[in-house]
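Thanks for coming. I have one structure to show this morning, and I will go from the overall fold down to single residues.

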Amino acid sequence: MAKMTFNERYFDELLKSSRVDGLVSRIADGIATDARASAPVDTGAYRAGIVRRKKTSAHRVVHLIVASDSKSLIIEARTGNLVRALRKRKR
């Protein structure tokens with residue numbers, strides 16, 4: 001039986017490519033938009049603090065949706081807003 005060799009460098013380059021980065025960026029922007037649209041509003045700080053951040057690792061580019069308001073953890077624990085926005089886009 002022939003031995004198969006996995007080309008890790010190819011996949012590292014693919015996962016860091018501008019086309020994959022653009023696709024993931026557009027999806028993440030949509031999730032952030034949905035999360036802001038459904039965010040509970042008191043002062044507006046939680047909603048305004050929902051942003052997309054880009055991280056590059058050795059193997060890929062990752063886009064994160066984060067909420068930076070000091071009350072974000074409490075709001076997320078009570079509402080699950082970011083999770084619901086992610087699940088909506090997953091369908």
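Before I point at any helix, a word on what I call one: helices are DSSP runs of H or I of at least four residues, strands are E runs of at least two, and both are numbered from the N terminus. By that numbering, helix α2 covers residues 18-38, and D21 sits in it. I will come back to that aspartate. Please keep in mind that this is a predicted model.

The overall picture, then. The protein has five helices and two strands. Reading from the N terminus, the order is α-α-α-β-β-α-α. The C-alpha trace spans about 60 × 25 × 20 Å along the principal axes. The radius of gyration is 17 Å, where a compact globule of 91 residues would come out near 12 Å.

On burial, 26% of the 91 residues count as buried. The accessible surface is about 7000 Å², and carbon and sulfur atoms hold 56% of that. As for contacts, take those with a separation of 6 or more: 52% of them join residues 24 or more positions apart. On charge, there are 20 positive and 9 negative ones, and the mean positions of the two sets are 3 Å apart.

Now the aromatic side chains. How many aromatic pairs are there? The count is two. In one of them, F6 and F11 have ring centres 5.0 Å apart and planes at 0°, so this pair is stacked, the cut-off for stacking being planes under 30 degrees apart. The other pair is Y10 with F11, and the geometry there is edge-to-face, with 5.1 Å from centre to centre and 80° between the planes. Taken together, F6, Y10 and F11 make one aromatic cluster.

Is F6 buried or exposed? F6 counts as exposed because its relative accessibility is 53%, and the line for exposed is drawn at over 50%. F11, at 35%, is partly exposed, and Y10 is partly exposed too, with a relative accessible area of 46%. Y10 belongs to helix α1, residues 8-15. As a distance to hold on to, the C-alpha atoms of Y10 and V61 are 14 Å apart, with their positions 51 residues apart along the chain.

V61 takes us back to D21. Leaving out residues up to four places away in sequence, D21 touches K54, V61 and H63. Buried or exposed, then, for D21? With a relative accessibility of 16%, D21 counts as buried, since the limit for buried is under 20%.

There is another aspartate to look at, D69. This residue is in the loop between β2, residues 61-67, and α4, residues 72-79. D69 has a relative accessibility of 15% and therefore counts as buried. Beyond its sequence neighbours up to four places away, D69 touches A45 and Y46.

Y46 comes up again with the next two residues. Begin with A67, in strand β2. Its relative accessibility is 22%, so A67 is classed as partly exposed. Which residues does A67 contact, once neighbours within four places in sequence are set aside? They are Y46, G49, I50, S72 and L82. A67 also lies 9.7 Å from R36, C-alpha to C-alpha, and these two are 31 residues apart in sequence.

The last residue is P40, in the loop between α2 and α3, the latter being residues 45-48. P40 is at 34% relative accessibility and so counts as partly exposed. With neighbours within four places left aside, P40 is in contact with Y46, I75 and T79. From P40 to N81 the C-alpha distance is 8.4 Å, with the two 41 residues apart in sequence.

To recap on Y46: D69 touches it, A67 is in contact with it, and P40 is as well. At the other end of this talk, the aromatic cluster was F6, Y10 and F11. That is what I had to show.

Methods: Residues are numbered from 1 along each chain as its sequence is written. This is a predicted model: local features need pLDDT of at least 70, side-chain atom pairs count only at pLDDT 80 or more; totals for chains, interfaces and linings use all residues. Side-chain values use heavy atoms; hydrogens and water are left out. The radius of gyration is taken over C-alpha atoms; the globule rule is 2.2 Å times the number of residues to the power 0.38. Buried means under 20% relative accessible area, exposed over 50%, partly exposed in between (1.4 Å probe, protein chains only). Contact means heavy atoms within 4.5 Å. Accessible areas come from the Shrake-Rupley method with a 1.4 Å probe; for residues, only the protein chains shown count as cover. Lys and Arg count as positive and Asp and Glu as negative; His and the chain ends are not counted. The place of a charge is taken as NZ of Lys, CZ of Arg, CG of Asp or CD of Glu. Rings of Phe, Tyr and Trp (its six-membered ring) pair if their centres lie within 6.5 Å; planes under 30 degrees apart count as stacked, over 60 as edge-to-face and the rest as tilted.
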